[in-house]
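Hello,

Please find the structure for you to look at below. My notes come after it.

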Amino acid sequence: MSKSPPQITVNPCPNCQGHHTFPLRIRRSPVMSLSGEANQPGPRKFTLLCTCPKTGQTFQTELTVTPPPSERIVSVEPDPAEEEDES
Amino acid sequence: MNDPDGDFFDGMIIETGEATPLTPHNQALILAGRELISESLSVGREFCKSMISISTGAIPIYLGILAFILPESYMLGISRGALIVLPVLLFLTAAAVFTYGYFPLTDSFSLDVIEEIEAVRGRVISRRTAAARWGFGLFLAASLLAALMLVANIGAR
Ligand SMILES: [Zn+2]
């Protein structure tokens, strides 16, 4: 369990075979169901484009985000303000 | 950090798949995303732009032919006058719809998420298509009605 900002770890990177961490900016919104539990939003799949900090080349990675109960995932994008490199 | 069940962040579970080089399809989509705003500002807008001039330009042509056909001291009744004015209103409405389609896109999206580029592309295409279809439908209706009015009044002079 972690309360830190959401992030993904790419290991190995398809460009440099290194190890990178990309912080994410995830927008969520609460959902209200008028008909019980049936409308609970499920996991959302995203194809994220990340740039290898070593080679500068873009690659893709798939991620599935499962929201907490009564919330839905609006969007996911890499947070460039907090980008870090752990290669 | 990456276990098969995903990582937990503030109640969310994030499962990361394998990182791969860009597929040709996604490469093309990224290019499409980058060109989307400028392209939607030129290709779709050009049709709307020319249709605004055509729709507004049709009004003086219609009224000019009508003035040529009708006798100088011809008195129009209310119902006949309304019928004759109707194509003008339809041409103006068509021009207004094309103007809506001509407006710049006000949308924001992330160039880093394939799904967002696809969603915005879909929204742009559907908005422009809707404006073009409705506008063109109104323009056709106005043209047909205008032609009908001219034919109906052809022997009035
Ligand atoms: Zn790398």
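The notes below cover chain B, its core and a sheet shared with chain A.

This is a predicted model, in which local features need pLDDT of at least 70 and side-chain atom pairs count only at pLDDT 80 or more, while totals for chains, interfaces and linings use all residues. Residues are numbered from 1 along each chain as its sequence is written, chains are lettered from A in the order in which they are written, and side-chain values use heavy atoms, without hydrogens and water.

Chain B has 3 helices and 2 strands, in the order β-β-α-α-α. Helices (H or I, at least four residues) and strands (E, at least two) are DSSP runs, numbered from the N terminus. Of the 157 residues in chain B, 34% are buried, meaning under 20% relative accessible area with a 1.4 Å probe, protein chains only.

The largest nonpolar core (buried Ala, Val, Leu, Ile, Met, Phe, Trp, Tyr and Cys residues joined through side-chain atoms within 4.5 Å) has 21 residues, and Y62(B), L66(B), I84(B) and F91(B) touch the most other members. Helices α1 (24-69), α2 (78-102) and α3 (114-152) of chain B each supply at least two of its residues. Another core, of 20 residues, lies apart from it and includes C13(A) and F9(B).

In chain A, β3 (residues 44-51) and β4 (residues 58-66) pair antiparallel over 8 bridges; pairing requires at least two DSSP bridges between two strands. R44(A) has V65(A) as its bridge partner. β4(A) is also joined by 7 bridges to β2 (residues 12-21) of chain B, again antiparallel, with F59(A) partnered by P21(B).

Regards

Definitions and conventions: Buried means under 20% relative accessible area, exposed over 50%, partly exposed in between (1.4 Å probe, protein chains only).
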